[in-house]
Amino acid sequence: VQLQASGGGLVQTGGFLRLSCAASGRTFSSHVMGWFRQAPGKEREFVAFITWSGSSTYYADFVKGRFTISSDNAKNTVYLQMNVLKPEDTAVYYCATGGVLTSAPSTYNSWGQGTLVTVSS
């Protein structure tokens, strides 16, 4: 599976962005798409995941109520709508696919290149 993340940029506190992750290749071999982020000097952390069927979603506590993950199977694309952005959301955001419903990065086997989100205060 090849993943292409896009949609990052610079936004002010309280603003919004929508990230996209387009998948190609053997997408039917994966069950779940996740978003992760990595801030400078910090470890990569889980943000949200969704099953390709759209039937299950799960969010990290720090984004609940602000971020929404969704999928468009016809386009093989997963989105991350990010609202009420905070400076601490600044990070490189990565999408990844895996076969297990988990928040552990080690269980995801295909990763996109990342897209930078910068939230100014």
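1. Is D89 buried or exposed? D89 is buried, with a relative accessible area of 1%. The cut-off for buried is under 20% relative accessible area, so D89 falls within that class. The model discussed in this note is a predicted one.

2. The partner of D89 comes next. D89 and R66 form a salt bridge between their side chains, with an N to O distance of 2.7 Å. This pair ties together distant parts of the chain, 23 residues apart: R66 sits in the loop between β6 (57–59) and β7 (67–72), and D89 sits in the loop between β8 (77–82) and β9 (91–98). R66 counts as buried because its relative accessibility is 9%.

3. A second salt bridge joins the side chains of R37 and E45, again given as an N to O distance, here 2.7 Å. What is the accessibility class of each of these two residues? R37 has 5% relative accessibility and so counts as buried. E45 has a relative accessible area of 32%, and is therefore partly exposed. R37, E45, R66 and D89 are linked in a network of salt bridges.

4. Another salt bridge is found between K64 and D61, whose closest N and O atoms are 3.1 Å apart. K64 is partly exposed at 47% relative accessibility. D61, at 62%, counts as exposed, because the cut-off for exposed is over 50%. The count of salt bridges in the model comes to four.

5. The next point is the disulfide. How many disulfides does a search of the whole structure find? The search finds one. The disulfide is formed by C21 and C95, and their sulfur atoms are 2.1 Å apart. C21 belongs to strand β3 and C95 to strand β9, so the bond links distant parts of the chain, 74 residues apart. The torsion about the S-S bond of C21 and C95 is about 70°, which means that the disulfide is right-handed. Both cysteines, C21 and C95, are buried.

6. The sheet can be read strand by strand. Four strands make up an open sheet in the order β1-β3-β8-β7, and the pairing is antiparallel. β1 and β7 are the edge strands, each pairing on one side only. From one strand to the next, the twist averages 15°. As background, strands of a sheet pair through backbone hydrogen bonds, either parallel or antiparallel. In this model, β1 and β3 run antiparallel and are joined by five bridges.

7. A22 gives a closer view of that pairing. A22 is part of strand β3, which covers residues 17–24, and Q4 stands opposite A22. Q4 also appears among the contacts of A22. Leaving out residues up to four places away in sequence, A22 touches Q2, L3, Q4, N76 and T77. The C-alpha atoms of A22 and Y79 are 8.8 Å apart in space, although the two residues are 57 apart in sequence. With 34% relative accessibility, A22 counts as partly exposed.

8. Which residues have the most contacts inside the largest nonpolar core? They are M33, W35, L80, M82 and Y93, in a core of 34 residues. At least two residues of this core come from each of β1 (2–6), β3, β4 (32–38), β5 (45–51), β7, β8, β9 and β11 (115–120). β5 gives the most, with five residues.

9. M82 shows what such contacts look like for a single residue. Apart from neighbours within four places in sequence, M82 is in contact with G15, F16, L17, L19, R66, F67, Y93 and V117. This list includes R66, the residue that shares a salt bridge with D89. The list also includes Y93, another of the core residues named above.

10. The last residue is T97, in strand β9. T97 has a relative accessible area of 1% and is therefore buried. Not counting residues up to four places away in sequence, T97 touches V1, L3, S30, V32, M33, Y108, N109 and S110. Among them, M33 is one of the residues with the most contacts inside the largest nonpolar core, and L3 is also touched by A22.

Notes:
Residues are numbered from 1 along each chain as its sequence is written. This is a predicted model: local features need pLDDT of at least 70, side-chain atom pairs count only at pLDDT 80 or more; totals for chains, interfaces and linings use all residues. Side-chain values use heavy atoms; hydrogens and water are left out. Buried means under 20% relative accessible area, exposed over 50%, partly exposed in between (1.4 Å probe, protein chains only). Contact means heavy atoms within 4.5 Å. A nonpolar core is a set of buried Ala, Val, Leu, Ile, Met, Phe, Trp, Tyr and Cys residues joined through side-chain atoms within 4.5 Å. Two strands pair if DSSP finds at least two bridges between them. Axes are lines fitted to C-alpha atoms, for helices over the stretch in contact, and angles run from 0 to 180 degrees between N-to-C directions. A disulfide is a pair of cysteine sulfur atoms within 2.5 Å.
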